[in-house]
Amino acid sequence: VDECPIQIKLIAPPMYVMTTMTLDKDLGIATLHQGIAYITERIQQKGGKIDVKMAPKAVSAREETELQAMMDRLAAENAEQDGDDDAEEEGDDDV
């Protein structure tokens, strides 16, 4: 794991993305599988549920850029929804 650290990024609750960077594609994919197995076990021990949307895979630089754009878009949409709630509450105070 030290050669292949995992990063977990919040996209929008409850969606997360796990990533790693390594020159050894097989090591990276295996490390992510181990991380998912560990997280799944811990969540289920606490009575929770997990739904893995996409299995680990190696991606190109272009795919990485597309993933980052999707994460940014989802984060922005989540922020807009949070802001919309505040605007509605402010509007209710005016009535």
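Which element gives the most to the lining of the largest pocket? That's helix H1, with seven residues. Before we look around that pocket, keep in mind that what you have in front of you is a predicted model.

**The overall layout**

Let's start with the big picture. The protein has two helices and two strands, and if you read along the sequence they come in the order β-β-α-α. Here is where each one sits:

| Element | Residues |
|---|---|
| Strand S1 | 7-12 |
| Strand S2 | 15-19 |
| Helix H1 | 25-45 |
| Helix H2 | 61-94 |

The protein has 95 residues, and 14% of them are buried. Its accessible surface adds up to about 7,700 Å², and carbon and sulfur atoms own 53% of that. What about contacts along the chain? Take the contacts with a separation of 6 or more: 41% of them are between residues 24 or more positions apart.

**Inside the largest pocket**

Now back to the pocket. It holds about 1,500 Å³ of space, and 40 residues line it. Rolling a probe the size of a water molecule over the atoms shows where empty space is left. Which residues lie nearest the centre of the pocket? They are Tyr-16, Val-17, Met-18, Thr-19 and Met-54. S1, S2, H1 and H2 each supply at least two residues of the lining.

**A closer look at Thr-19**

Thr-19 lies in strand S2. Is Thr-19 buried or exposed? With a relative accessible area of 16%, Thr-19 counts as buried, because the cut-off for buried is under 20%. Skip its neighbours within four places in sequence, and Thr-19 is in contact with Pro-5, Ile-6, Gln-7 and Leu-32.

**Between the strands, and out on the surface**

There's a nice detail in the loop between S1 and S2, where you'll find Pro-14. The peptide bond from Pro-13 to Pro-14 is cis, and its omega is near 5 degrees. For background, most peptide bonds are trans.

Finally, take a look at the outside. Which residues form a nonpolar patch on the surface? Ile-8, Leu-10 and Tyr-16 do, and together they have about 330 Å² of accessible area. Leu-10 is found in strand S1, while Tyr-16 should ring a bell, as one of the residues nearest the centre of the largest pocket.

Notes:
Residues are numbered from 1 along each chain as its sequence is written. This is a predicted model: local features need pLDDT of at least 70, side-chain atom pairs count only at pLDDT 80 or more; totals for chains, interfaces and linings use all residues. Side-chain values use heavy atoms; hydrogens and water are left out. Patches are made of residues with over 30% relative accessible area and no salt bridge: like charges are joined within 9 Å, nonpolar side chains (Val, Leu, Ile, Met, Phe, Trp, Tyr) within 5 Å. Accessible areas come from the Shrake-Rupley method with a 1.4 Å probe; for residues, only the protein chains shown count as cover. A salt bridge is a side-chain nitrogen of Lys or Arg within 4 Å of a carboxyl oxygen of Asp or Glu. Helices (H or I, at least four residues) and strands (E, at least two) are DSSP runs, numbered from the N terminus. Buried means under 20% relative accessible area, exposed over 50%, partly exposed in between (1.4 Å probe, protein chains only). Contact means heavy atoms within 4.5 Å. On a 1 Å grid over the protein atoms alone, a cavity is a set of points where a 1.4 Å probe fits but cannot get out, and a pocket is an open set with protein on both sides within 12 Å along at least five of seven lines; lining residues have an atom within 4 Å of a point. Grid points are joined across faces, edges and corners, and a volume is the space filled by probe spheres set on the points.
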